[in-house]
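Okay, thanks everyone, I'll keep this short. Have a look at the model on the screen, and I'll walk you through how the chains meet.

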Amino acid sequence: MTSADASRAAADLLVEVRDLSVTFHAGGDGGSAVQAVDGLSFTLAPGRALGIVGESGSGKSTVAAALLDLHRGTGARVGGTVRVAGTDVRAADERELRRLRGGRAAMVFQDPLSSLDPYYAIGDQIAEVHRVHRPDVSRRAARARAVEVLERVGIADAPRRARSRPHEFSGGMRQRALLAMALACEPRLLIADEPTTALDVTVQAQILDLLHDLRAETGMGLLLVTHDLGVVAGSVDEVLVMRGGRAVEHGAVGEVLRTPREPYTKELLAAVPRVDAEPAVRGARGTRGADGVLLEAVGLRREFGGRRNRTTAVDEVSLTVREGETVGLVGESGSGKTTLGRMLVRLLDPTAGTLRYRGQDIGALGDRELRPIRSELQMVFQDPVSSLNPRRSIGESVADPLRAAGGRDDARVVRRACELLERVGLDPAWYHRYPHEFSGGQRQRVGIARALAPGPRLLVCDEPVSALDVTTQAQIMELLGELRRDLGLSLVFIAHDLAVVRAVSDRVAVMRGGRIVEEGPTGEVYGRPTHPYTKGLLAAVPVLDPEVSADRRALRATA
Amino acid sequence: MTPRQRGAVWRRLRQQSAAVASAAILLALVLLALAAPLLAALAGQDPTTYHDDLIDSARGGVPLGPYGGISGDHWLGVEPGTGRDMFARLLYGARISLLIALGATAVQVVIGLAVGLAAGLGHRLADQVLSRFTEVLAALPMLVIAISLTAIVPADFPRPLLLVLVIGLLGWFGTSRIVRARTLAMKKLDHVAAARLGGSGPLRVARRELLPALAAPVITYAAVLVPGNIVVEASLSFLGIGVKPPTASWGQMLSTATVWFRADPMYVLLPAGCLLLTVLAFTVLGDAVRTALDPRERSRLRVGTHSARTGRSADAAREKEAAV
Amino acid sequence: MTGYALRRLGGALVVLFLLTVAVYALFYVAPGDPAKLACGPRCNPGQIQQVRERLELDAPLLTQYLHFLQGLVAGRDFSSGTAVLHCDAPCLGLSYQSGTPVTELLGDRLPVTASLALGAMVLWLLLGVGTGLLSALRRGGTTERVLTGLTLVGTATPVFITGLLLLMVFCAYLRWLPFPSYVPLSEDPEQWAWNLLLPWTALALLESAKYARLTRASTLETLAEDHIRTFRAYGVRERSVVTRHALRGALPPVIALTALDLGTMFGGAMLTETLFGLPGIGQLLVHSVRVIDLPVVVGVVLGTGAAVVVAGVVADILYALADRRVALT
């Protein structure tokens, strides 16, 4: 190939990144430097879609921001060349850069609520952006254009809704509005940074379908940044797997997902829980039969708020947990699953209904009478940051329940805490370290050790892995399975992720709007769902196989 | 706070040169105030003796000599009208200013902590009652009430103590609001729930999970309160309702100075300078303490907007104003 | 929105009612003998008894308070010897000193205080918001450092020091302005403004420092929010980003605080009024405290309290109008 050919080929490319590196300086002068992206190169042809996948800290979002040079003026050091839609981004002056941003390449962000200005109507914000790139367009015409694109992204009654402010929209509608803003100036490239991470799985499917349709219609290129391999499978042509700021593997989506070459990609894929397959690892099933009922909730109900704005979070829910059994509780945000979980361990008082533990009614017991039972009902929390006291060493956090129970012999308490740390896979030598020195997964292990300290019979795990990366997720789930087997624990496993729940549960309850809509053995609920809501949920879960994913999309389109 | 975090706070404090300078100024000031009788004796003066020979009675009592009568005997000149020694009076004024401001701050912090904790930890009803009560009291403009109260208290009640009580009793609302808000926010944190599940009773939770985390915001707020209290004391004295003559007070001197500013500018500049320097030093130090204790100032402010979105906006605005 | 406003107003009425109880208890019940205080230190027991009767202080406390409330709502009559003095609602009682109804005294003084407060407000908003915005725009530069230093000094300087220095410079040294003496707006608008110029400036310098800090902090805080990133990523000019989006987000607390400060100031800017000899409500209070004129003191305290409570409601409603998320959440 001659050099002329090469430069023409380069000019034809929508995105061309050569040897990109981005370094952030933490803590000003003398602070440590963090190399977020390290010598990354890739290209994207017009109309094609590339997925950049990686765990947290892999540098994937930094790459997305670098395409529009959003690092300019932030103090980050950027090296290498970036060309987007014919513009040399790093060499471009402010004017040129402004023309590129939104005009030729538009970006959609993760959190749709905070990404829109709360003070202006959504239509006005879209019109403002439109007029930035088309100064000749009148205000009125820009507003009309805003309504038009809002209609295109599926906002019902767009002329009226264009006058609403972001907080009057639901999460999915806000993400649609952001997409509408991106569409307003007919860009050639759409950069989407975790566009569906904050959304429920059914809404996620809708947004991904919309993205797919828009691309088919406008022919724009797509750069999709996500941590979720399932999201990538159905939405892009090529995949770039990142780790520690470098490309690990790059190829056609079908090849990378089906026949990965690199060990890290294999590891990632293996860690993703599958919703469509019988899990290989599974804790020992409850063998004690129907009489081994540990915890039983009958007609449990919980209301919040005062007289004026009373809402019912949990509405007449009945649930049974047998000894040694794992009950999965799935539902989307606002389904009441967390409230139910907290009532089961009596962190929240039920408004009505009965809660029986080993046959004893504990729903209305006062603090004092509850004390002997407290230790048997423990909880693992979602957020590994707020669930540990930042002022206490991890060892002391684990020892705290032992001391609260009256453990006076300090040496024994410490020894027991060390045993527990070891039990969850942490080095007892870390006893005196503080939570901020640990990763999310390690903190979650501390949380589990603390929950084990009082010697529980039942562990309610509230989204224990949803804040974690997929490989860490798999390790924590394995640990929970192990503990359950070895200690004969019963588990209530709460999660929004259907695949995760399937991997650990004997029985599953599907919650929606404070009620349980379907309940049964895991295989049955996942294999032959009867309730339409469960069916919808299952159909919306992204799958790793691009072809299956395409089939499912077609199915959703006809439904 | 972990030992390591404590070390980091000190380091951040020491890095701010303005903070170090302020601390040095304040330290000097405290020493000067403590040693006031000694220093005055050293200068051979005391704050109450009249020197009629040093003022020009023909011109209504303007000090003789340049710059308010500065001389080897009277290092900072003498007071117009009375001829009392300025150096001694300024020193004794510092005593009053610091004593009342620090005393009042202590009262404010103690009451604020107690009420805030009771509202934050107690039953919903207790919270409602206390919050409403605080709201009513906070609606009373502090200076107005302080002035009015001095009118009805018997004349023989010791004035400095009265000022400490009045300023203290009328200024604890901010502290209690912050303590209550923090307590309520922290009660929702998972590690507090975990402690309850671990078998801790309410008292143990309060002592081990909540109180340690309140130290930083309370210290920060107290640091902001001190300069405010100095100004309030000076203001009351300026209005003639502070400490009684012949006790020296900067505010009172400035009040007298309103008559003398044409004839004797030094009489304005000296007490004004003392007052300004003290307030400024406390303000700068308070700022530095806040940033040192909470390097993520921005995120703290964001908490402010969050409460504004869900709660009383006027309160939020006021709190934010106090926080910036 | 209307519902929110009504709820806040209802809450304010309760607070106002409790305020009357608190103030009444504070001044008439708690310490010492109000009659003795009212009469002054050189009264003999007979005179004190006379005062007590005239003030109905011998009646049961509840009766006294109810009469007081009745006066507030419907007006009441006072008999002093043979003459009967009617005091229209809202009646806060009669001054011990002059026998004039307290409301009348307050009404006479209000224009002065209002002139001072409103004029100063215009100045401090211009100065404060401008400075705050400028230092937010020039963040990291020398301009910001200088402005931050100035605002720090501004907040630390009590108003009577600023005022004294202004008087020294402009009246005594430069002789550009006469020593202020209040001239009503209705009499001579030009003289009104000239005479108020120094008091306005003194008050505004203090307040504008506060507003500059608030504006700067709010603007910076908004600039750090995600939606600002959105508009930058869509090629919107930095100037529009700051003035249209960041400043918009910074305004609600500024507006709310303005309402609150104005409310407090309507209760009298005592220090400023005393320093410049302006016959406003603050000066009335200081004078009444010196001569122990309890009804006037109580009247001013109640009036000021009411102004603050009302300002709080106004601030909340303005905030909700400026930031619609409040009323809806």
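Let's start with one pair: Arg213(C) makes a salt bridge to Asp287(B), and the closest N and O atoms there sit 3.6 Å apart. Keep in mind that this is a predicted model. So how many salt bridges are counted between chain C and chain B? One. Polar contacts give a short list as well: one residue pair between chain C and chain B, with both residues at pLDDT 80 or more.

Which helix of chain C gives the largest share of the side that touches chain B? That's helix 13, residues 294–322, with 11 residues. If you sort that side of chain C by class, you get 46 nonpolar, eight polar and eight charged residues. In total, 62 residues from chain C and 54 residues from chain B take part in the contact. People often quote the size of an interface as the accessible area lost when the parts come together. For chain C and chain B, that buried area is about 5300 Å², and carbon and sulfur atoms give 75% of it.

Now over to the other side, chain B with chain A. Here 22 residues of chain B touch 27 residues of chain A. The two chains bury about 2100 Å² between them, with 49% of that on carbon and sulfur atoms. We count four salt bridges between chain B and chain A. One I'd like you to find is Arg208(B) with Asp400(A), where the closest N and O atoms are 2.7 Å apart. There are also nine residue pairs in polar contact across this interface, both residues at pLDDT 80 or more.

Where on chain B does that come from? Helix 1 (3–15), helix 10 (190–197) and helix 11 are the elements giving two or more residues to the side that touches chain A. Helix 10 of chain B gives the most, seven residues. By class, this side of chain B splits into 10 nonpolar, six polar and six charged residues.

Last stop, inside chain B. Helix 5 (residues 86–121) and helix 11 (residues 202–238) have axes that come within 8 Å and cross at roughly 145 degrees. The crossing is right-handed. On the helix 5 side, the residues in contact include Ile100(B), Gln108(B) and Leu113(B), and on the helix 11 side they include Leu214(B), Asn229(B) and Glu233(B). Sorted by class, the contact between helix 5 and helix 11 of chain B has 18 nonpolar, four polar and one charged residues.

That's my tour, happy to take questions.

Technical notes. Residues numbered from 1 in each chain as written. Chains lettered and ligands numbered in written order. Predicted model: local features only at pLDDT ≥ 70, side-chain atom pairs only at ≥ 80, totals over all residues. Heavy atoms only, no water. Axes fitted to C-alpha atoms, helices over the stretch in contact; angles between N-to-C directions. Helix = DSSP H or I, 4+ residues; strand = E, 2+ residues; numbered from the N terminus. Left-handed = near helix turned anticlockwise from the far one by under 90°. Contact = heavy atoms within 4.5 Å. Nonpolar A, V, L, I, M, F, W, Y, C, P; charged D, E, K, R; others polar. Buried area = accessible area lost by both parts, 1.4 Å probe. Salt bridge = Lys/Arg side-chain N within 4 Å of Asp/Glu carboxyl O. Polar contact = N/O pair within 3.5 Å; in protein donor to acceptor, adjacent residues only side chain to side chain.
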